[in-house]
Amino acid sequence: MPKISQKGQLMPSSPIRKLVPYAEQAYKEGKTVYHLNIGQPDIKTPEVALDAVKVHSLDILAYTRSEGSEDYRKKIAQYYSKNDINVTHSDIIVTTGGSEALLFAFGSVMDSGDEIIIPEPFYANYNGFSTASDIKVVPVISKIENNFALPPIEEFEALITDKTKAILICNPGNPTGYLYSKEEIKQLAALVKKHDLFLIADEVYREFVYDGNEFYSIMQEDGLEDYAIMIDSVSKRYSMCGARIGYFVSRNKEVIQTALKFAQARLSPPTLAQIASEAALDTPQSYFDDVIVEYVKRRNTLIRELKTIDGLKIAEPKGAFYCIVELPVKSADHFAQWLLESYDYEKETVMVAPAAGFYSTPGVGLNQIRIAYVLNEESLIRAVHILKEALKVYPNP
Ligand SMILES: Cc1ncc(COP(=O)(O)O)c(C=O)c1O
């Protein structure tokens with residue numbers, strides 16, 4: 001039989017999806033499963049976006065330009081300008097989700113065997129994109145004890161080799177919920193300039209910032225024009241995960257020209273989804289205000305309820321909608337599977353994401369889980385109660 005590639009063998013499967021068969025078995029057994037494991041918001045997509053695809057006047061569903069339609073990119077530039085980010089439409093490539101923007105970034109600035117430094121825990125698919133691009137992730141461990149703040153900049157510097165091409169951050173963080181301060185971004189900016197590296201920032205959760213904190217983008221940092229690449233997406237901002245629209249943004253012309261060649265190879269981002277996403281830019285501010293109020297309520301409820309359980313360490317999130325929790329168990333992987341396979345509380349159970357898959361250092365985060373607070377308050381209270389009861393009887397082998 002012909003052999004599959006080494007790369008294919010090394011490609012990690014999703015640490016979140018590997019529990020799906022156990023969840024399916026739990027449904028078959030008649031259990032209700034509270035999904036704290038995925039980042040699919042239950043918030044409604046803005047009507048302006050849905051209406052735009054209902055009433056469009058296309059008679060051919062054609063390709064658009066590879067970088068996305070010019071009108072759309074001009075409107076995106078206006079959106080950024082309102083967020084104190086000065087870019088023009090020529091600094092933006094519309095992509096098939098933030099996922100494709102990440103692949104374009106890796107492909108444009110790194111060669112086989114090159115290294116990228118990423119604070120961990122990090123969004124698990126960075127591992128997959130790195131394998132697909134044949135580059136090496138070099139992790140810097142951030143700690144639950146300080147809510148996953150940026151590790152000391154000397155730790156980044158100590159890891160820089162002649163293979164290092166970029167530093168990647170996610171701000172606000174999935175899975176940490178951490179929001180990097182202006183000061184932390186400035187430290188990273190100084191480091192990449194000193195060592196001539198790219199700074200890639202995944203800012204897909206930009207709007208999800210709480211407690212009056214201010215979000216500071218790498219694109220706001222003066223002097224970083226040639227170094228900064230920003231990854232963006234409509235998926236969470238407008239609860240449009242299925243649209244598959246993201247953006248690759250850089251003021252470095254060479255980087256944009258290179259990423260455009262990757263974009264040309266896949267011809268066009270999805271046309272109908274661009275229509276919806278362009279219309280989404282007219283979403284009234286009140287939509288975002290309501291969403292933030294809702295997430296703050298959920299976060300506060302989640303943290304309050306989790307604090308009633310003994311022996312937990314909780315990283316308090318300042319942004320995004322995720323929270324890492326350290327459990328009094330030996331293996332969160334085993335615990336998560338056990339919850340679905342062997343446990344129920346009044347015919348109900350919960351599904352959580354074991355956090356080890358968000359680390360690339362072996363043996364770290366083994367007793368941590370990631371909780372996504374994408375359920376309404378009532379369901380969150382119930383889910384945490386089930387977690388509490390489960391921990392009382394979990395055999396912890
Ligand atoms: C941190 C982060 N980056 C990128 C993505 C990719 O999003 P999409 O491809 O839907 O735009 C996600 C999705 O969950 C994410 O959490």
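# A tour of the predicted model

Start with helix α12, residues 332-341, in this predicted model. Its buried residues are Ala332, Phe335, Ala336, Trp338, Leu339 and Leu340. Now show what covers them: the cover includes helices α2 (20-28) and α13 (377-393), along with strands β1 (32-35), β11 (348-351), β12 (353-354) and β13 (368-372).

Keep β13 on screen and add β10, residues 322-326. The two strands run antiparallel and are joined by five bridges. To find one of these, select Tyr322, whose bridge partner in β13 is Ala372. Strand β9, residues 313-314, also pairs with β10, antiparallel and over two bridges. There, Ile314 stands opposite Val325.

Which faces of β10 are covered? In a regular strand, side chains alternate between the two faces of the sheet. Colour Tyr322, Ile324 and Glu326 for one side of β10, and Cys323 and Val325 for the other; these residues are all buried, and both faces are covered.

Next, select the open sheet of seven strands, ordered β2-β8-β7-β6-β5-β3-β4, with mixed pairing. The edges are β2 (92-95) and β4 (136-141); each has a single partner strand, so one side of each is left without a neighbour in the sheet. From one strand to the next the twist averages 20°. At the β2 edge, four bridges join β2 to β8 (residues 246-249), and the two run antiparallel. Ile93 is found opposite Phe248 of β8.

Move to β5, residues 164-170, and pick Thr164. Is Thr164 buried or exposed? Thr164 counts as buried because its relative accessibility is 5%, under the 20% cut-off. A polar atom of the Thr164 side chain lies 2.8 Å from the backbone nitrogen of Thr161. Beyond its neighbours within four places in sequence, Thr164 is in contact with Glu115, Ile117, Leu159 and Leu197. Then add helix α8 (182-195), which lies across β5 and β6 (198-202) and runs at about 170° to β5.

The loop between β5 and α8 holds Pro175. A cis peptide bond, with omega about 15°, joins Asn174 to Pro175. Asn174 also leads to the ligand: an N or O atom of its side chain is 2.8 Å from a ligand oxygen.

Select the ligand itself and the 13 residues that surround it; the closest are Gly98, Ser99, Asp202, Tyr205 and Ser233. A backbone N or O atom of Gly98 is 2.6 Å from an oxygen atom of the ligand. For Tyr205, a polar side-chain atom lies 2.6 Å from a ligand oxygen. On its own the ligand has 400 Å² of accessible area, and the protein covers 93% of it.

The last stops are points of backbone geometry. Most residues other than glycine have a negative phi, and most peptide bonds are trans. A cis bond joins Glu120 and Pro121, with omega about 5°. Pro121 sits in the loop between β3 (115-120) and α6 (125-132).

Follow the chain to Asp134, in the loop between α6 and β4. Its phi is positive, near 55°. Asp134 counts as partly exposed because its relative accessibility is 38%. Finish at Phe148, in the loop between β4 and α7 (153-158). Phe148 also has a positive phi, about 70°. With a relative accessible area of 1%, Phe148 is buried.

Conventions
Residues numbered from 1 in each chain as written. Predicted model: local features only at pLDDT ≥ 70, side-chain atom pairs only at ≥ 80, totals over all residues. Heavy atoms only, no water. Buried < 20%, exposed > 50% of the residue type's maximum accessible area, 1.4 Å probe, protein only. Polar contact = N/O pair within 3.5 Å; in protein donor to acceptor, adjacent residues only side chain to side chain. Contact = heavy atoms within 4.5 Å. Pairing = 2+ DSSP bridges. Near = heavy atom within 4 Å. Areas by Shrake-Rupley, 256 points an atom, 1.4 Å probe, with all protein chains shown as cover. Axes fitted to C-alpha atoms, helices over the stretch in contact; angles between N-to-C directions.
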